[in-house]
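Here is a quick walk through a few spots worth looking at, from packed helices to residues in loops. Keep the viewer open as you read.

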Amino acid sequence: AGSQGAASAAPTLAAPPTGLTGLESDALALVLAFLDLPSLATSCAANRQLRVSGGTHEHWRWFVLQFFGLYYDDYMRSVNVADEFRWRRLFVYIRQVHYNIDRKRGVRRTLPHRLRRCVCLAGGYPDPPSESAAAAASASSSSMQPEAAAEAAALRGKRRRYRGSLELADNASMFFWENGRYIQILRTSDGKLLREIDTGQTFRRYFPRLANVRDKLFVCLNDCIKVWEYGPGDAHKPPVQLELPPRPPGLAAVGRPLELLVHRRRLILLESNCCFLWDTDRLEFVCCLRHSDADMADATWPVAEALAEAEVGTALGVAGGGRGAGLASRAGRSTDSTEESRSLEVQWMGDLIVTWMRSSSQSLIIWTLAGERQACLRTDGPVLQVDAARVTWTSVKTLDHFILAALDTRSVITFWDSEQGFAPVYCFDCGCEDAFDLVLTQDFMAVVSGNVVDSNLQLSFWKLWLHPDFAQASRECGGEAGGCPDEGASGAWGAEARQARREAVQPGSAPMGAGRPRFSGFLEGGRHRDRRELGRLAAE
């Protein structure tokens with residue numbers, strides 16, 4: 001009995017922990033770093049320790065940025081959330097929003113009589129008249145002669161109304177509306193008017209002229225850009241006028257403004273022939289980008305060394321040109337019709353900007369956000385559309401590896417790899433007639449072609465195997481389109497494909513598939529007429 005009492009009084013040792021729960025927090029975080037997205041999400045539901053370690057893992061931030069875009073990094077800074085699980089909650093929230101949108105699940109609310117009506121470009125403000133004013137107008141119109149009344153009605157019908165633009169705040173808690181003169185700041189939840197700003201001007205041309213970041217609202221007026229702070233206690237603060245940019249030398253015509261936007265701590269005013277950048281924190285002018293194909297005739301391929309002639313005006317000063325010549329006050333004064341028809345196009349690529357002139361330029365210029373030229377890429381035909389895809393297979397933390405693709409007027413698509421110094425990696429003729437748009441991801445590519453006027457559009461898809469394990473993937477797919485004929489011939493076929501890729505990007509070489517019959521993509525026998533051999537080469 002004594003021995004039994006001593007045994008019962010002895011403390012019971014807990015069983016040693018097993019599995020992942022027995023690891024220290026730092027070791028557990030290291031193990032979770034090897035999990036993909038589904039496995040990491042599953043680990044959060046295992047137990048409390050894994051829920052904390054998995055839910056607060058840093059890979060949730062990288063998953064959000066890779067899956068949905070880098071601007072969510074700026075969004076999280078703007079909302080100032082201190083929750084440790086914020087990145088996992090944000091990922092789940094975005095996926096749920098996409099799920100609801102895909103299935104058309106949503107609640108539609110209407111907030112009537114909240115926004116001011118748009119002004120008329122011919123002058124005057126079209127607010128509804130009061131009862132006395134309406135009665136006086138009716139009496140005066142009844143006393144007019146029939147011919148004069150008809151002429152007045154015709155003049156009223158010809159007055160063009162400004163379109164107006166809407167901008168949503170970074171944290172979606174409020175939105176901004178401008179009607180051609182007034183700017184209204186309203187709360188998203190109930191539509192309450194928080195503030196109204198009179199710019200003192202009637203805008204002469206419509207374009208998206210509002211941009212915001214954190215508590216700053218940028219507005220492009222007719223002659224300058226002003227910044228209003230819209231925080232809770234900022235109503236009394238006067239607006240700040242941004243420094244007017246210098247005009248690049250050699251720019252004969254003044255371009256028309258196209259859009260005002262914010263990208264990665266840069267305020268960007270995009271015009272039809274140049275692009276102005278300011279720092280959103282210091283509110284200082286950074287640079288002016290202008291795209292030009294001058295002196296590109298003697299460039300060799302690859303043309304990373306042969307940069308296109310493009311002027312960059314920095315805040316240190318540029319000779320020639322006037323200050324503020326590129327703002328909306330002089331929009332539409334260009335006398336060069338060719339300059340007006342060839343607008344500057346831009347493609348955002350992380351911390352880089354790609355510029356080209358649609359349907360006219362045969363080069364792409366890659367810039368940094370500081371205005372430095374990173375590279376210049378040459379095409380054999382005028383560029384129509386450019387798209388970039390972020391490559392994420394190297395590492396979950398890789399955010400600056402891109403595949404860049406350009407579609408030209410000959411329906412030739414060229415690929416460049418940023419990891420290889422933007423050297424061309426593939427060039428092929430997609431065979432689509434009247435192609436005008438391009439969509440690229442790291443897994444597939446789509447080309448939009450057809451007649452827009454007749455609404456006869458066609459989508460052509462290609463499977464892209466840019467992953468380093470392409471040889472293994474091709475063996476698994478067997479004889480399908482884009483795969484090798486059989487496993488035994490995979491080695492020889494892969495070597496032949498790599499050699500074909502290298503030859504396609506050599507100077508003076510014809511793109512893959514050039515000279516073959518075009519296809520329109522109409523249904524033939526219930527299936528699309530696809531070119532299997534070209535699809536196999538394009539897939540690589």
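## Helices first

At the N-terminal end of helix H4, Asn47 acts as a cap, with a side-chain oxygen sitting 2.8 Å from the backbone nitrogen of Leu50. This is a predicted model, so read each value that follows as computed from it. Helix H4 covers residues 48–55, and its buried residues are Leu50, Ser53, Gly54 and Gly55. What do the buried residues of H4 pack against? Their partners are helix H2 (25–32), helix H3 (37–43), H5 and H7.

Two of those partners, H5 and H7, also pack against each other. Helix H5 runs over residues 59–68 and helix H7 over residues 86–102; their axes are 8 Å apart, at an angle of about 30°. Because angles under 35 degrees count as roughly parallel, H5 is roughly parallel to H7. The crossing of H5 past H7 is left-handed. On the H5 side, the contact is made by Trp60, Arg61, Phe63, Val64, Leu65, Phe67 and Phe68. H7 brings Trp87, Arg88, Leu90, Phe91, Ile94, Arg95 and His98. Sorted by class, the contact of H5 with H7 has ten nonpolar residues, three charged ones and one polar one.

## Loop residues

Now for some loops. Here are four residues with where they sit and how accessible they are.

| Residue | Loop between | Relative accessibility |
|---|---|---|
| Asp234 | strand S7 (225–229) and strand S8 (240–241) | 11%, buried |
| His291 | strand S12 (285–289) and strand S13 (312–314) | 6%, buried |
| Ser411 | strand S19 (402–408) and strand S20 (412–417) | 5%, buried |
| Asp434 | strand S21 (423–429) and strand S22 (435–440) | 56%, exposed |

Why does His291 count as buried? Its relative accessible area is 6%, and the cut-off for buried is under 20%, so His291 qualifies. Leaving out residues up to four places away in sequence, His291 touches Leu344, Thr355, Trp356, Met357, Ser361, Ser363, Leu364 and Ile365. Two of these partners also come up as polar contacts. The side chains of His291 and Thr355 are joined by one of 3.1 Å. With Ser363, the backbone oxygen is the partner, lying 3.3 Å from a polar atom of the His291 side chain. Another residue to find from here is Glu345: His291 and Glu345 are 54 residues apart in sequence, and their C-alpha atoms are 9.4 Å apart in space.

Turn next to Asp234. A polar atom of the Asp234 side chain lies 3.0 Å from the backbone nitrogen of Gly231. Which residues does Asp234 contact once neighbours within four places in sequence are set aside? They are Arg195 and Glu229.

## Two positive phi values

Finally, have a look at the backbone of the other two residues in the table. Ser411 is not a glycine, yet it has a positive phi of about 65°. Asp434, also a residue other than glycine, has a positive phi near 55°. Is each of them buried or exposed? Ser411 counts as buried at 5% relative accessibility, whereas Asp434 counts as exposed at 56%. The cut-off for exposed is over 50%, so Asp434 falls in that class.

Technical notes: Residues numbered from 1 in each chain as written. Predicted model: local features only at pLDDT ≥ 70, side-chain atom pairs only at ≥ 80, totals over all residues. Heavy atoms only, no water. Helix = DSSP H or I, 4+ residues; strand = E, 2+ residues; numbered from the N terminus. Buried < 20%, exposed > 50% of the residue type's maximum accessible area, 1.4 Å probe, protein only. Polar contact = N/O pair within 3.5 Å; in protein donor to acceptor, adjacent residues only side chain to side chain. Contact = heavy atoms within 4.5 Å. Axes fitted to C-alpha atoms, helices over the stretch in contact; angles between N-to-C directions. Parallel < 35°, antiparallel > 145°, perpendicular 65-115°, else oblique. Left-handed = near helix turned anticlockwise from the far one by under 90°. Nonpolar A, V, L, I, M, F, W, Y, C, P; charged D, E, K, R; others polar.
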